[in-house]
Each structure stands twice: as C-alpha cells, then as structure tokens.
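Please find below a colleague's note, set out as numbered points. It is meant to be read with the structure in view.

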Amino acid sequence: MSKVLSSLRYSAEHEWIDDASPAKIGITQVAADALGDVVYVDLPEVGDTVTAGETCGEVESTKSVSDLYSPVTGTVVEVNSEAVDNPAILNEDPYGAGWLIIVEVSEEGPLMSAADYASANGGSVE
C-alpha cells in the first residue's frame with residue numbers, strides 16, 4: 001500500500017504540498033506507483049505563474065503521460081533540476097528528493113488532509 005505522509009496536504013489530482021513558505025510541491029506515492037517507471041518530467045520555469053487546479057507540467061512513464069496540476073496559485077521560485085535530470089527519483093523518493101517545484105503561494109486550491117487523501121485513494125497514513 002502506498003504511503004501518505006501525515007505532515008502534508010493533498011490535491012484530488014495526486015499532488016502534495018507542505019506547509020512551508022514558499023511551499024514545496026510534488027506527486028504522491030499513490031501517483032508514482034500508479035504511473036510505474038517515470039522516464040520524463042516537464043516542469044514550469046522559475047518565474048512562471050501556476051494556477052490552482054490547472055496544469056503546470058507533465059510526467060511521462062513507461063505506461064502513460066499524466067498532467068501535473070498545481071494545488072495552489074502563485075509564482076514558481078525553484079524547480080528541482082535533479083527530478084528533471086533523473087525522473088526515476090519520483091518513484092524512489094516522491095516525498096523527499098523527488099519534489100518538483102517550490103511556489104510562493106498567493107492562493108490555495110482545495111486540499112485534503114492525509115487521512116482524507118488516503119481514504120479516497122487507498123493509501124496508508126504514516
């Protein structure tokens with residue numbers, strides 16, 4: 001069963017966000033497990049504006065291509081170049097080294113607690 005970290009909040013589209021300011025965003029282990037081996041990541045650039053609920057990139061795996069949706073509205077202040085250079089890190093450590101972008105948040109979209117996300121998606125809260 002995929003782990004869901006209790007310290008994070010989650011979007012219905014399988015992105016996580018921490019409570020830091022600016023906020024770090026990535027995809028959940030539930031999403032990474034469903035995708036299979038991630039082989040390509042396309043992310044916004046530093047300075048780009050992302051909008052809650054709208055696409056902000058994509059993740060390609062050996063199985064499919066999936067859009068990334070921003071859980072918040074704001075400005076991208078950092079992009080994880082390691083995830084772009086080594087997309088497999090999203091499978092290996094989605095909540096750690098596999099983070100995707102850091103955003104200066106101006107507005108949050110609808111977010112779920114870890115318990116709500118795990119209940120809806122079959123994950124195990126840790």
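1. Strand 4 (residues 23–27) and strand 10 (residues 101–108) run antiparallel and are joined by three bridges. One residue to locate here is I25, whose bridge partner in strand 10 is I101. Please keep in mind throughout that this is a predicted model.

2. These two strands belong to an open sheet of six strands, in the order 2-3-4-10-9-6, with antiparallel pairing. Which strands stand at the edges? They are strand 2 (9–10) and strand 6 (49–50); each has a single partner strand, so one side of each is left without a neighbour in the sheet.

3. An open sheet of three strands is also present, with the order 5-7-8 and antiparallel pairing. Here strand 5 and strand 8 (65–69) are at the edges, and because each has a single partner strand, one side of each lacks a neighbour in the sheet. From one strand to the next, the twist averages 25 degrees. Strand 5 is paired with strand 7 (residues 55–61) in the antiparallel sense over four bridges, and V41 has V59 as its bridge partner in strand 7.

4. D42 deserves a separate remark; this residue lies in strand 5 (residues 38–42). Is D42 buried, partly exposed or exposed? Its relative accessibility is 34%, so D42 counts as partly exposed. Not counting residues up to four places away in sequence, D42 touches C56, G57, E58 and L68. The C-alpha atoms of D42 and V84 are separated by 7.1 Å, although the two residues are 42 residues apart along the chain.

5. Helix 4 (residues 114–121) has A114, Y117 and A118 as its buried residues. Why do they lie on the same side of helix 4? They cover an arc of only 95 degrees around the axis, which puts them on that one side. As a general guide, an α-helix has 3.6 residues a turn, so residues three or four places apart point the same way. On the other side of helix 4, S119 and A120 are exposed. The cover over the buried residues of helix 4 includes strand 1 (3–4), strand 2, helix 1 (29–35) and strand 11 (124–125). After helix 4 comes G122, with a positive phi near 75 degrees.

6. S11 is placed in the loop between strand 2 and strand 3 (15–17). With a relative accessible area of 2%, S11 is buried, because the cut-off for this term is under 20%. Leaving aside neighbours within four places in sequence, S11 is in contact with P71, P110, L111, M112 and Y117.

7. How many aromatic pairs does the structure hold? There are two. Y10 and Y117 form a stacked pair, with 4.8 Å centre to centre and 20 degrees between the planes. Since Y10 lies in strand 2 and Y117 in helix 4, the pair ties together parts that are 107 residues apart in sequence. Both Y10 and Y117 are buried.

8. W16 and Y95 also form an aromatic pair: the ring centres are 6.2 Å apart and the planes stand at 55 degrees, so the pair is tilted. W16 is in strand 3, whereas Y95 is in the loop between helix 3 (89–92) and strand 10; the pair thus links distant parts of the chain, 79 residues apart. W16 and Y95 are both buried.

How values were computed. Residues numbered from 1 in each chain as written. Predicted model: local features only at pLDDT ≥ 70, side-chain atom pairs only at ≥ 80, totals over all residues. Heavy atoms only, no water. Buried < 20%, exposed > 50% of the residue type's maximum accessible area, 1.4 Å probe, protein only. Contact = heavy atoms within 4.5 Å. Pairing = 2+ DSSP bridges. Arc of directions from axis to C-beta. Axes fitted to C-alpha atoms, helices over the stretch in contact; angles between N-to-C directions. Phe/Tyr/Trp six-rings, centres within 6.5 Å; stacked < 30°, edge-to-face > 60°.
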